[in-house]
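Open the model in your viewer and get ready to select as you read. Each stop tells you what to pick and what to look for.

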Amino acid sequence: MKVKISSILFFLLISVSVFAQIPALERVEPSFWWVGMNNPKLQLVVHGNQIASREVSLNYEGVKLVKINRVENPNYLFLDLEINPGTTPGKFEIAFTKKNAKKLSYSYQLKARDKSPNRILGVTNKDFVYLIMPDRFANGDKKNDIVKGMEETTLNRDSMYYRHGGDIQGIINHLDYLQELGVTTLWLNPVLENNQPKTSYHGYAVTDNYKIDPRFGTNALYKKLIDDCHLKGMKVIKDLVHNHLGSEHWIIKDMPSKDWVHQWPTYTKSSFKDQVLFDPYAAANDKKQMTDGWFDHHMPDVNQNNEFVKNYFTQSHIWWIEYAGIDGFRLDTYAYNDPVYMAEWGKAIKAEYPRFTFFAETWVRGVPNQAFFTQGNTINRGFDTELPGVTDFQALWGINEALNGKQGWDDGVNRLYTTIASDFVYQDATRNVVFLDNHDLSRFYSVVGEDFTKYKSGIAWLLTTRGIPQLYYGTELLMKNFSNPDGLVRDDFKGGWAEDKVNKFTASGRTEKENEAFNFVKTLANYRKNNEVLQTGKLMQYVPENGIYVYFRYNADKTVMIIMNSNDKEEILNTSRFEERTAGFTQALNITSATKINSLKTLTIPAKTTLVLELQK
Ligand SMILES: [Ca+2]
Ligand SMILES: [Ca+2]
């Protein structure tokens, strides 16, 4: 009986996908483009009922229709265009004709590029990144909370699995708060349409590559957020997912060809074992499962060996940079992608935008595992990945061990020291993003057992070590919880909703302790923002002794000495062994307490505390 029902269901699903009526010309992507791009080539995806049975023509000076590609599915045409460098911006008709059928027509626009100097800036170690989960930060527009006709229409702030109503307008409304904190750059979890029936709030199951989810706002509003940030001297990072799409993506529901995604006889998950990618003894089958296995049931794994797939993704990313003026990308689930495609992709993005930067999520264990993915490392690979930086999980494990571990030859603060010492494997470790937590990880304040002194020690490290520091929303307010399940670390920012009883965006809405945490982050972040020494200054670190880790950031103008006491008791530090960096200095300013230290000979460091001292003559 059971078998019968499921076979009927299967038949119905097949019928729907085959006979579902899509309009004769349903969409053209990208819907518009620009003249004067570095790459003169453009490939348009045309989707429409039996569109492949039609001929295509266009007539515009400087634009050539080089090739019309037909694929397995007759509902697609892939048009190869070439646009001459001197082409005038304007509109032209693309005609789709067929004998005895009405002509179909699309008005295509080539726009002039916006070459304003304050957009597409790249994100570097001069920046301080703040990660926002848009559904959970602030609700700036109640009207978009529920969008009728979409798959998920449940709004429930009491459940971590449903949407809560946060949106782009909510972020725009609180840019002053972020600027006060010392943030220079926003990274939003993906905001493209996720028209999935369940847990669509997190954004990682994209269903339209060219459309902001209407529950977050519109494409124009997203562009406004970026324009507003640029006017304030801030930047925006877009979170990209190359590896998979949402199962409800329009292109998944009517695939151009069967090999658009990786097909398996039965559902096969990725092994999530990065080791097989560099293991000289790895089995081909293990490699295949790692990169071609699916991330999840509702996230089909994209086949990045298909030329049309490659163009489709790469062009959509260039479109977003050009359209919205984005400053950087964060690349999700990087290790599961096809490495050859990702290198080609990196090259294409850099060729179009030399100043633009990107970094990838490499949630792996071990410095070599992580460095393997970064550019300049051709070990066991034979080509350059073209990936400037990664999310530095090794530094994260290092700081966690430094703050929570027991002292030992390899343990405690020695782990952090060793991790940073291993930077020799990177072409440039200052392009790595350092962090204490994010949307997938337990919140930092919980990780340190809600120990406020350890919390401050971690923040002090984050804002003084090398790399691009990143803070997760609410960490400045001691938001807590363990990532089990991950919804627990995605609580609402209190005050982001008009009905909230407290407003933590204002000092008066925060508790005394929350204000102390906020001000601690603010003081250090603004000091970092105003002092290049903590951005681009050189780093020198000393071998930890007796649980005390000392490092310096220095340039021609300034020297900052950072002392991390990982012990449970106050320590007196004799500074004579740091002469190489302290020579010529007699006193210091404690940046976080704004107090003066009149002698450098011996320094008193309270238990579990990290001091940040600007050395003075
Ligand atoms: Ca809303
Ligand atoms: Ca994959």
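The tour below goes through a predicted model, stop by stop.

**Stop 1: the calcium ion**

Select ligand 2, the calcium ion. Which residues coordinate the calcium ion? Show N243, T291, D301 and Y336 as sticks. N243 gives its OD1 atom. T291 and Y336 each give the atom named O. D301 appears twice in the list of donors, both times through OD. The distances run from 2.2 to 2.5 Å.

Now look at the spacing along the chain. The pattern of donor residues reads N-x47-T-x9-D-x34-Y. Colour helix α7, residues 284-292, and you will find T291 in it. Y336 sits elsewhere, in the loop between β14 (328-331) and α9 (339-352). T291 and Y336 are 45 residues apart in sequence, so this pair ties together separate parts of the chain.

Are these two residues buried or exposed? The cut-off for buried is under 20% relative accessible area. T291 is at 13%, so it counts as buried. Y336 is at 14%, so it counts as buried too.

**Stop 2: helices α8 and α9**

Stay with α9 and add helix α8, residues 307-324. The two helices pack at an angle of about 30°. Their axes are 11 Å apart. Angles under 35 degrees count as roughly parallel, and α8 and α9 are therefore roughly parallel to each other. The crossing of α8 with α9 is right-handed.

Next, show the side chains where they meet. From α8, pick K310, F313, T314, H317, I318 and I321. From α9, pick Y341, E344, W345, A348, I349 and E352. Colour them by class. This contact has seven nonpolar, two polar and three charged residues.

**Stop 3: helices α11 and α12**

Move on to α11, residues 393-404, and α12, residues 413-421. What is the angle between α11 and α12? They pack at about 155°, with axes 6 Å apart. Over 145 degrees counts as roughly antiparallel, and α11 and α12 are therefore roughly antiparallel to each other. Their crossing is left-handed.

On the α11 side, the contact uses Q394, A395, G398, I399, E401 and A402. On the α12 side, V413, R415, L416 and T419 take part. By class, that makes five nonpolar, three polar and two charged residues.

Keep α12 selected. Its buried residues are V413, N414, L416, Y417, T419 and I420. What do the buried residues of α12 pack against? Their partners include the helices α10 (367-371), α11 and α14 (452-462). The strands β19 (538-541), β20 (548-554) and β21 (559-565) are also among them.

**Stop 4: N432**

Follow the chain onward from α12. N432 lies in the loop between α12 and β17 (433-435). With 1% relative accessibility, N432 counts as buried. Which residues does N432 touch, beyond those up to four places away in sequence? Select Q370, G389, V390, D392, Y426, R466, G467 and I468.

**Stop 5: the loop between β18 and α15**

Select the loop between β18 (468-472) and α15 (512-530), where G495 is placed. G495 counts as buried, at 15% relative accessibility. Leaving out neighbours within four places in sequence, G495 contacts D500, V502, N503, K504 and F505. Now draw a line from the C-alpha atom of G495 to that of A95. The two residues are 400 apart along the chain, and the line spans 52 Å.

L478 is in this loop as well. L478 is not a glycine, but its phi is positive, about 65°. L478 is buried, with a relative accessible area of 10%. P485 is also in the loop between β18 and α15. Check the peptide bond from N484 to P485: it is cis, with omega near 0°.

Why stop at these spots? Most residues other than glycine have a negative phi, and most peptide bonds are trans.

**Stop 6: two last picks**

Select E29 and P30. The peptide bond between them is cis, with omega near -10°. P30 is in the loop between β1 (27-29) and β2 (32-34).

Finish at A594, in the loop between β23 (587-590) and β24 (595-597). A594 has a positive phi, near 55°, and is not a glycine. Is A594 buried or exposed? A594 is exposed, with a relative accessible area of 62%.

Note on methods: Residues numbered from 1 in each chain as written. Chains lettered and ligands numbered in written order. Predicted model: local features only at pLDDT ≥ 70, side-chain atom pairs only at ≥ 80, totals over all residues. Heavy atoms only, no water. Donors = N, O, S within 2.8 Å, 3.2 Å for Na, K, Ca; no water. Helix = DSSP H or I, 4+ residues; strand = E, 2+ residues; numbered from the N terminus. Buried < 20%, exposed > 50% of the residue type's maximum accessible area, 1.4 Å probe, protein only. Axes fitted to C-alpha atoms, helices over the stretch in contact; angles between N-to-C directions. Parallel < 35°, antiparallel > 145°, perpendicular 65-115°, else oblique. Left-handed = near helix turned anticlockwise from the far one by under 90°. Contact = heavy atoms within 4.5 Å. Nonpolar A, V, L, I, M, F, W, Y, C, P; charged D, E, K, R; others polar.
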